[in-house]
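Visitor: Please take one part of this model and look at it closely with me, and then lead me on from there to other parts that deserve the same care.

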Amino acid sequence: MSLRKTVPTGGFRTEEDDYRRALGRFLAGSDEKAVTHAYLDRVVAALPQRRVLLDIGPADGTTTRHLAPAFERTVCIEPSEPMRRALRRNCPDAVVLSDPVLEAEPGVTADLALLSHVLYYVPSEQWAPTVLRIMEWVAPGGLLLVLLQNPGNACMDMVRHFTGCRFDLGELARALAGAASGPVGEIALDTLPARYTSSCLSETVAVAEFHLSLPPPLGDGTPPPRDSVEEYVRRHFLTPEGGYTIRHDQDVLRIRRPEAG
């Protein structure tokens, strides 16, 4: 199983530069990075050690670049070649591995591991095994943070409307809590507010189509017609001022590895 985001729903594949451009368009209109980075700064400040940062699926490395100066060493696992090119530009000192996560051997124990917006592309039955694999690379007392959009936000309502997809970190938390003791200790779930805003209908429709590129569990993966997406955007995201707003609050699952001994 690979963490490559290669399902072509909506016409985007991370193995192509189109995906990176679409992601950049979305983030340019969102406060997600600012909110996320402020949250991560608080998490990092509370860590007992800051030796190794491990970022799994860091995409172009924007968040990696923000966090890396707080750590002595940074290791990234990114299977997508276009993303690795951008990642190496943004984080030239990071060790970058191209292996899928279940095949990777990073050779580190991380004080902070980050798995941000990757599990959309992993079958739900593989979520817990993937996280347990990553927890083997987390140092005693260290943290793994898993980020996904909150299943009840407006963006995910749209994804569910068109594709039937539902992604819920609460289900993963319950699965991990029921697992046998081992690398998983304390588990907590936080929610971070985030919103995309734009004055342009065509840009908002393009951002909506980007989110609809998440792989659906049902059907043949054919993207919805653009006019249907545009109608949905007009109906659900148009503001009284004439602009467009998409709420896309994020959930963060914090998983601590128990201290040794």
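Guide: Leu144 has a relative accessibility of 0%, so this residue counts as buried, and it is found in strand 5, which covers residues 138-149. Please keep in mind throughout that this is a predicted model. If we leave aside the neighbours within four places in sequence, Leu144 is in contact with Ala113, Leu114, Leu115, Val131, Ile134, Met135, Val138, Leu253, Arg254 and Ile255. Asp111 lies 33 residues away from Leu144 along the chain, yet the C-alpha atoms of these two residues are separated by 8.4 Å. Contacts between distant parts of the sequence also show in the figures for the whole chain, where residues 24 or more positions apart account for 74% of the contacts with a separation of 6 or more. The chain has 261 residues, of which 52% count as buried, and its secondary structure comes to 9 helices and 9 strands.

From strand 5 we can go on to Phe167, which sits in the loop between helix 6 and helix 7 (169-177). Phe167 and Leu148 are 19 residues apart in sequence, while their C-alpha atoms are 7.7 Å apart in space. Buried means under 20% relative accessible area, so Phe167, at 7%, belongs among the buried residues although its place is in a loop.

Helix 6 itself (residues 154-163) packs with helix 9 (residues 226-237) at an angle of about 145°, the two axes being 12 Å apart, and the crossing of this pair is right-handed. On the side of helix 6, the residues that meet helix 9 are Ala154, Asp157, Met158, His161 and Phe162, and their partners in helix 9 are Ser228, Val229, Tyr232 and Phe237. Sorted by character, the residues of this contact comprise 6 nonpolar, 2 polar and 1 charged.

Helix 9 rewards a longer look. With 12 residues at 1.5 Å a residue, helix 9 should span 16 Å, and its end C-alpha atoms are 15 Å apart, which agrees. Val229, Tyr232, Val233 and Phe237 are the buried residues to notice in helix 9, and they lie on the same side of the helix because they cover an arc of only 100° around the axis. It helps to remember that an α-helix has 3.6 residues a turn, so residues three or four places apart point the same way. On the other side of helix 9, Asp227 and Arg235 are exposed. The cover over the buried residues of helix 9 includes helix 6, helix 8 (201-211) and strand 8 (244-247). Helix 8 is mostly covered in its turn, with 9 of its 11 residues buried, and among these are Leu201, Val205, Glu209 and His211.

Two loop residues make a fitting last stop, since each is a residue other than glycine with a positive phi. Ala59, with phi near 60°, lies in the loop between strand 1 (52-56) and helix 3 (62-67), and its relative accessible area of 12% makes it buried. His117, with phi near 55°, lies in the loop between strand 4 (110-116) and helix 5 (127-135), and His117 is buried as well, with a relative accessible area of 15%.

Technical notes
Residues numbered from 1 in each chain as written. Predicted model: local features only at pLDDT ≥ 70, side-chain atom pairs only at ≥ 80, totals over all residues. Heavy atoms only, no water. Axes fitted to C-alpha atoms, helices over the stretch in contact; angles between N-to-C directions. Helix = DSSP H or I, 4+ residues; strand = E, 2+ residues; numbered from the N terminus. Left-handed = near helix turned anticlockwise from the far one by under 90°. Contact = heavy atoms within 4.5 Å. Nonpolar A, V, L, I, M, F, W, Y, C, P; charged D, E, K, R; others polar. Expected span 1.5 Å × (residues − 1). Buried < 20%, exposed > 50% of the residue type's maximum accessible area, 1.4 Å probe, protein only. Arc of directions from axis to C-beta.
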